[in-house]
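This report concerns the helix packing and side-chain contacts of one protein chain. Please consult the sequence and the coordinates shown here alongside the text.

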Amino acid sequence: MHILRKLFGRYLLVTNTVSCGVMMAAGDLIQQRREHWRRYQYSDYFSSGGTARVIAASPEEDVKDTHEKETTDVTALYEHNYVRTRNMTLVGLIQGPFHHCFYGLLEKIAPGKAAKSVIKKTFLDQLIASPTCLIIFFGGLGLMERDEIEEACREIKVKLIDAWKVDCCFWPPAQCVNFLFVPLQYRVLYTNFMTMVYDIFLSYIKYDAHYD
């Protein structure tokens, strides 16, 4: 308990920053596994503990029996992109201090849990924090992946609106719960946990969605 009091007291900034990075990494890990599953879409992929097998045509089937098949272990085909997860973690570590300062400021602007205060904090969160974090996400990853600045700006322009539309559906209800029931010192941790879920979508938008 003494350690927890320190983590959510004196070292709250560190706790919020590190937890944001960890949750971003976890969200990307889940999304990479999901991408792999979607690529092979085998019904027993998860129930088999990730050891499902897919059927691959034999390279000699034109010469021999056309029904000859060989199986390939899906897990042998899965290669986790650790550089991508590292970049997601770094973006989380950048967003962590922003979350820490922003939610403290929100509580000063609209203190308490009255309906008016909760609505005001939720509105400001969606108006300020949401686009700021999306810009950090797409811009930060673009620069870390050695894109030209112009290319990173183009990606923000193309993907920001679509991401923000989903953001507007996901975050207001989540933040109403946050502002109503979660004590101030735990709000960033709660947001980071919800971010892990939301980052599955962001990781999809960044790496798997196709834009013309």
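The sections below treat the fold, a helix pair, aromatic contacts, salt bridges and cysteines in turn.

## Model and overall fold

The structure is a predicted model. Its chain contains seven helices and two strands. Read from the N terminus, the order of elements is α-α-β-β-α-α-α-α-α. Of the 212 residues in the chain, 41% are buried.

## Packing of helices α2 and α4

Two packed helices are described by the angle between their axes and the distance between the axes. For helix α2 (residues 12-40) and helix α4 (residues 82-109), the axes come within 7 Å and the crossing angle is roughly 145 degrees. The crossing of α2 and α4 is right-handed. Sorted by class, the residues in the contact of α2 with α4 are ten nonpolar, twelve polar and three charged.

## Aromatic contacts

The structure has nine aromatic pairs. One of them is formed by Phe-98 and Phe-102, whose ring centres are 5.5 Å apart; the pair is classed as stacked because the planes meet at 20 degrees, which is under the 30 degrees that bounds this class. Both residues belong to helix α4, where Phe-98 and Phe-102 are four residues apart, or about one turn of the helix. The two rings are assigned to separate burial classes: Phe-98 is partly exposed at 23% relative accessibility, whereas Phe-102 is buried at 8%.

A second pair consists of Tyr-103 and Phe-179, with 6.2 Å from centre to centre and 55 degrees between the planes, a tilted arrangement. Tyr-103 is located in helix α4 and Phe-179 in helix α6 (residues 149-181), so this pair ties together parts of the chain that are 76 residues apart in sequence. Tyr-103 is buried, with a relative accessible area of 4%, and Phe-179 is likewise buried, at 0%. One aromatic cluster is formed by Phe-98, Phe-102, Tyr-103 and Phe-179.

## Salt bridges

Side chains of opposite charge can pair when their charged atoms come close. The count of salt bridges in this model is six. Among them, the bridge between Asp-28 and Arg-84 has an N to O distance of 2.7 Å. Asp-28 is part of helix α2 and Arg-84 is part of helix α4, so the bridge ties together parts that are 56 residues apart in sequence. Asp-28 is buried, with a relative accessible area of 0%, and Arg-84 also counts as buried, at 7% relative accessibility.

The side chains of Lys-121 and Glu-107 form another bridge, at 2.9 Å from N to O. Because Lys-121 lies in helix α5 (residues 115-144) and Glu-107 in helix α4, this contact ties together parts that are 14 residues apart in sequence. Lys-121 is buried at 1% relative accessibility; Glu-107, at 17%, also counts as buried, since the class covers values under 20%. In helix α6, Lys-159 and Glu-155 are four residues apart, about one turn of the helix. Their side chains meet in a salt bridge of 3.0 Å, N to O, and both Lys-159 and Glu-155 are buried. Elsewhere, salt bridges with shared partners join Asp-28, Glu-35 and Arg-84 into one network.

## Cysteines

How many disulfides does the structure hold? The number is zero. As for the accessibility of individual cysteines, Cys-101 has a relative accessible area of 52% and is therefore exposed. Cys-153, with a relative accessible area of 46%, is partly exposed; the exposed class requires a value over 50%.

## Helix α4 in context

Several of the contacts described above involve helix α4. Its axis comes within 7 Å of that of helix α2, and the salt bridge between Asp-28 and Arg-84 also links α2 with α4. The pair of Tyr-103 and Phe-179 joins α4 to helix α6, while the bridge between Lys-121 and Glu-107 connects helix α5 with α4.

Notes. Residues are numbered from 1 along each chain as its sequence is written. This is a predicted model: local features need pLDDT of at least 70, side-chain atom pairs count only at pLDDT 80 or more; totals for chains, interfaces and linings use all residues. Side-chain values use heavy atoms; hydrogens and water are left out. Axes are lines fitted to C-alpha atoms, for helices over the stretch in contact, and angles run from 0 to 180 degrees between N-to-C directions. A crossing is left-handed if the near helix is turned anticlockwise from the far one by less than a right angle, and right-handed if clockwise. Ala, Val, Leu, Ile, Met, Phe, Trp, Tyr, Cys and Pro count as nonpolar, Asp, Glu, Lys and Arg as charged, and the others, Gly among them, as polar. Rings of Phe, Tyr and Trp (its six-membered ring) pair if their centres lie within 6.5 Å; planes under 30 degrees apart count as stacked, over 60 as edge-to-face and the rest as tilted. Buried means under 20% relative accessible area, exposed over 50%, partly exposed in between (1.4 Å probe, protein chains only). A salt bridge is a side-chain nitrogen of Lys or Arg within 4 Å of a carboxyl oxygen of Asp or Glu. A disulfide is a pair of cysteine sulfur atoms within 2.5 Å.
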